[in-house]
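Hello,

Here is the structure I said I would pass on. My notes on it follow below.

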Amino acid sequence: MRIDTRRDGGLLTVELAGEMDANNAGELVAAVRPELAADVGRIEVRVAELGFIDSSGISALLELHAEMVERGGSLAVVDPTAPVRRVLEITGLTEAFQL
């Protein structure tokens, strides 16, 4: 999985590509957590190039979502591929991730 991050003021944009599973889901949290110290109020996770996500990937997103809500911020999943959207629909997370 490829993870690219960029910060613009209080917005952190995270672009994911490839597949997110048990082997690499922790990399997302590790890449984002240091950025949270910089007064980030919103995270946009762009997944237009993410072809697969499993329960480990969902758990990583939920962990970051919970941290953002605790800080008074938000996390949104943006532009999901059909397979990723389907997983988010099945798990009932479309509203939580602002789809």
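Two residues are said to be in contact when heavy atoms of theirs lie within 4.5 Å. Please keep in mind that this is a predicted model.

With that cut-off, which residues is Arg-7 in contact with, leaving aside its neighbours within four places in sequence? They are Leu-12, Glu-35, Ala-38 and Val-40. With one of these, Glu-35, Arg-7 also shares a polar contact of 3.3 Å between the side chains. Arg-7 belongs to strand 1. Its relative accessible area is 43%, and exposed would require over 50% and buried under 20%, so Arg-7 counts as partly exposed. Ala-31 is 24 residues from Arg-7 in sequence, and the C-alpha atoms of the two are 12 Å apart.

The sheet

Strand 1 is part of an open sheet of four strands. The order is 1-2-3-4 and the pairing is mixed. Strand 1 (residues 2-8) and strand 4 (residues 74-78) are the edge strands, each of them pairing on one side only. On average, neighbouring strands in this sheet are turned by 20° against each other, direction ignored.

Strand 4 pairs with strand 3, residues 42-53, in the parallel sense, and five bridges connect the two. Within this part of the sheet, Arg-46 is found opposite Val-78 of strand 4.

The helices

Helix 1, residues 25-32, packs on the sheet and touches strand 1, strand 2 (residues 11-20) and strand 3. The direction of helix 1 makes about 165° with that of strand 2.

Which residues of helix 1 are buried? They are Ala-25, Leu-28, Val-29 and Val-32. Viewed down the helix axis, these buried residues fall within an arc of 90°, so they line one face of helix 1. Gly-26 and Ala-30 are exposed, and they sit on the face turned away from that buried side. The cover over the buried residues of helix 1 includes strand 1, strand 2 and strand 3, and also helix 2, which spans residues 55-70.

Helix 3, residues 82-90, lies across strand 3 and strand 4. Its direction is at about 110° to strand 3.

If you look at one place to begin with, I suggest Arg-7 and its side-chain polar contact with Glu-35, and then the buried face of helix 1.

Regards

Notes:
Residues are numbered from 1 along each chain as its sequence is written. This is a predicted model: local features need pLDDT of at least 70, side-chain atom pairs count only at pLDDT 80 or more; totals for chains, interfaces and linings use all residues. Side-chain values use heavy atoms; hydrogens and water are left out. Two strands pair if DSSP finds at least two bridges between them. Axes are lines fitted to C-alpha atoms, for helices over the stretch in contact, and angles run from 0 to 180 degrees between N-to-C directions. Buried means under 20% relative accessible area, exposed over 50%, partly exposed in between (1.4 Å probe, protein chains only). The arc is that of the directions from the helix axis to the C-beta atoms. A polar contact is a pair of N or O atoms within 3.5 Å; within protein, one must be able to donate a hydrogen and the other to accept it, and residues adjacent in sequence count only if both atoms are side-chain atoms.
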